[in-house]
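Please examine the sequence and the structure shown here before reading the notes. The briefing is arranged by topic.

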Amino acid sequence: MTNEVREWLISLACLVVMVIVSFVQWRFALPMGTIGIIEVGGAFGLAAMIGVGLFKGGIVLVAGALIMMLTETADWILALTLLVVALAIAAVVGWRMPLDIHMSASQGITLGLIVGLVYLLTRLVLTVLYAYLLTANWTVSFGFGKIALAPVLLAALLYAAIVPLAGLGVRHFTEHLSSGGRPSRPGQWKLTLVQIKTSNRRNRERALTL
């Protein structure tokens, strides 16, 4: 099985897990209606962006969010929050963390903290704005934000824990590393050694000339 096929199969597995887990959620009541605020299925879509790359992981996240909205396990606020968090992951990781570069546990923890913080702020801001659209009163809207703070904070902590754990777990099967933990592009290492030897020879030649 090639790496490409294995990555797509793992991406499909992440999508299935994301949709199944989305049915496990906790709801709490706000004066403007009952909102499913704690839903951790989206965390596995975000983890896919770390585990199988931004492109395949992005497809998993978008497809999963659409399915969750069709099955009414997610609303537009959650979908938009996931999109913002995904953009944050893409901005932090960028294209500098391909699957042939090892991601350490400390990097995963840092990324998890960023995910949790962005989730918390985005969800609170969207909740307050949605409340303002319904009430046209900022005082009441911020009151709704205070009510939503506790469950949103709990959800953010769950995302901060699940995303790096699941992401690093998936990367364990997708990273293209050699047995020594080095990148699977040996040509780069050979080129570096050639450059070092050439530089050393030139330095010796200069010294003899002087």
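The points below concern a pocket, a surface patch and a set of salt bridges.

The model is predicted. Its largest pocket has a volume of about 230 Å³, and a nonpolar patch of about 460 Å² appears on the surface. A search of the whole structure returns 2 salt bridges, and E4, E7 and K56 are linked in a network of such contacts.

**Largest pocket**

- The lining of the largest pocket is made by 17 residues, and those closest to the pocket centre are L61, V62, A79, L82 and L83.
- Helices α3 (54-70) and α4 (76-93) each contribute at least two residues to this lining.
- Helix α4 provides the largest share of the lining, namely 8 residues.
- In terms of residue class, the lining comprises 16 nonpolar residues and 1 polar residue, with no charged residues.

**Nonpolar surface patch**

- The patch is formed by M69, W76, L80, L83 and L87.
- Helix α4 gives the most to the patch, with 4 residues.
- L83 belongs to helix α4 and is one of the residues closest to the centre of the largest pocket; L83 is also part of the nonpolar patch.
- The relative accessible area of L83 is 46%, so this residue is classed as partly exposed. Patch residues need over 30% relative accessible area, and the value for L83 is therefore sufficient on that count.

**Salt bridges**

- Side chains of opposite charge can pair when their charged atoms come close.
- K56 pairs with E4 in a salt bridge, in which the closest N and O atoms are 3.4 Å apart. Because K56 lies in helix α3 and E4 in helix α1 (residues 3-21), this pair ties together parts that are 52 residues apart in sequence.
- A salt bridge also joins the side chains of E7 and K56, with an N to O distance of 3.3 Å. E7 lies in helix α1 and K56 in helix α3, so this contact ties together parts that are 49 residues apart in sequence.

**Burial of the salt-bridge residues**

- Which of the residues E7 and K56 are buried? Both E7 and K56 are buried.
- K56 has a relative accessible area of 9%; the class "buried" applies because this value is under 20%.
- E4 is partly exposed, with a relative accessible area of 43%.
- The network that links E4, E7 and K56 thus includes the buried residues E7 and K56 together with the partly exposed E4.

Methods
Residues numbered from 1 in each chain as written. Predicted model: local features only at pLDDT ≥ 70, side-chain atom pairs only at ≥ 80, totals over all residues. Heavy atoms only, no water. 1 Å grid on protein atoms, 1.4 Å probe; cavity = no way out; pocket = protein on both sides within 12 Å on 5 of 7 lines; lining within 4 Å. Points joined across faces, edges and corners; volume = space filled by probe spheres on them. Nonpolar A, V, L, I, M, F, W, Y, C, P; charged D, E, K, R; others polar. Patch = residues over 30% accessible without salt bridge, like charges linked within 9 Å, V, L, I, M, F, W, Y side chains within 5 Å. Areas by Shrake-Rupley, 256 points an atom, 1.4 Å probe, with all protein chains shown as cover. Salt bridge = Lys/Arg side-chain N within 4 Å of Asp/Glu carboxyl O. Buried < 20%, exposed > 50% of the residue type's maximum accessible area, 1.4 Å probe, protein only.
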